[in-house]
Amino acid sequence: MFSAARLKQICAYADDIVITGRTKQILADTFCKLKHEAPNAGLIVNNNKTKYLFCTRKAINATYINAGEEQFEQVNSFKYLGTVVNTDSAVEEEIKERMGAGNMAYRGHKKKQFSSILISRNVKPQLYDTLIRPTVSYVPETWVLRENVTNKLMIFERKIMRKIFGPTRTADGYWRI
C-alpha cells in the first residue's frame with residue numbers, strides 16, 4: 001500500500017501522518033505496513049508518540065490497540081495541522097485555542113500598529129481584519145457553531161475592538177469605552 005516513493009512524498013511535507021480505517025484491525029494492519037516501509041523512505045516511527053483516536057457514538061471499552069508488537073494508547077483529542085480533533089467533534093476547545101492565538105496576535109501588534117497615533121482610527125479595523133481575525137477564524141469551515149460559541153467569538157471581537165479604539169469622550173465630557 002505504501003511505496004517508498006509515496007512515503008518520501010509524505011515525509012517531504014509533514015512529519016505527522018494520519019491513518020484512518022473503519023475497524024481496529026484495518027488500522028493495525030495499515031500501521032504495520034507503514035512501519036515496515038518507513039525505513040526505506042528514511043522515516044522513523046516513534047512508538048511513544050503514536051496514539052489513536054476512536055470516533056463513534058457507542059461507548060468504547062478498549063483503551064489500547066495492538067499493532068504487531070506495539071501497543072498504542074487511545075486519546076480523546078489531538079492536534080493535527082493546527083486543528084484540534086476530538087471524539088465528539090466539539091469545537092469549544094478549538095475556539096478557546098484560536099482566541100488565545102488571537103490575543104497573542106493582538107499583543108504582538110499592539111505597540112507598533114494598534115497603539116500608534118500615526119495610524120488613523122479608520123485603518124485600525126482593517127488591520128484587525130487582516131492581522132487578527134484570520135488567526136481566530138483558522139479552519140472555520142469545519143466548525144459547527146452553536147449559539148454559545150458564536151457569542152464567545154462576538155465577545156472576543158468586541159473586546160479586541162475596545163482595546164484598539166480605547167476610551168472616547170462623549171459630548172457631555174464623560175469618557176466611555
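**View 1. Val123 in the loop between α3 and α4 of the predicted model.** Val123 has its place in the loop between α3 and α4 (124-136), in a structure that is a predicted model. With a relative accessible area of 33%, Val123 counts as partly exposed, because that class lies between the limits of 20% for buried and 50% for exposed residues. Gln113 stands ten residues from Val123 in sequence, and the C-alpha atoms of Val123 and Gln113 are separated by 9.7 Å in space.

**View 2. The aromatic pair of Tyr106 and Phe114.** The count of aromatic pairs comes to one. The ring centres of Tyr106 and Phe114 lie 5.5 Å apart and the ring planes meet at 25°, so the pair is classed as stacked, the cut-off for stacking being planes under 30 degrees apart. Tyr106 is buried, its relative accessible area being 4%, and Phe114 is likewise buried, with a value of 3%.

**View 3. A positive surface patch and the part of helix α3 in it.** Arg107, Lys110, Lys111 and Lys163 together form a positive patch on the surface. Helix α3, which spans residues 92-114, supplies the largest share of this patch, namely three residues. Arg107, one of the patch residues, is found in helix α3, and its relative accessible area of 54% makes Arg107 exposed, since exposed residues are those over 50%.

How values were computed
Residues numbered from 1 in each chain as written. Predicted model: local features only at pLDDT ≥ 70, side-chain atom pairs only at ≥ 80, totals over all residues. Heavy atoms only, no water. Patch = residues over 30% accessible without salt bridge, like charges linked within 9 Å, V, L, I, M, F, W, Y side chains within 5 Å. Areas by Shrake-Rupley, 256 points an atom, 1.4 Å probe, with all protein chains shown as cover. Salt bridge = Lys/Arg side-chain N within 4 Å of Asp/Glu carboxyl O. Lys, Arg positive; Asp, Glu negative; His and termini not counted. Charge placed at Lys NZ, Arg CZ, Asp CG, Glu CD. Helix = DSSP H or I, 4+ residues; strand = E, 2+ residues; numbered from the N terminus. Buried < 20%, exposed > 50% of the residue type's maximum accessible area, 1.4 Å probe, protein only. Phe/Tyr/Trp six-rings, centres within 6.5 Å; stacked < 30°, edge-to-face > 60°.
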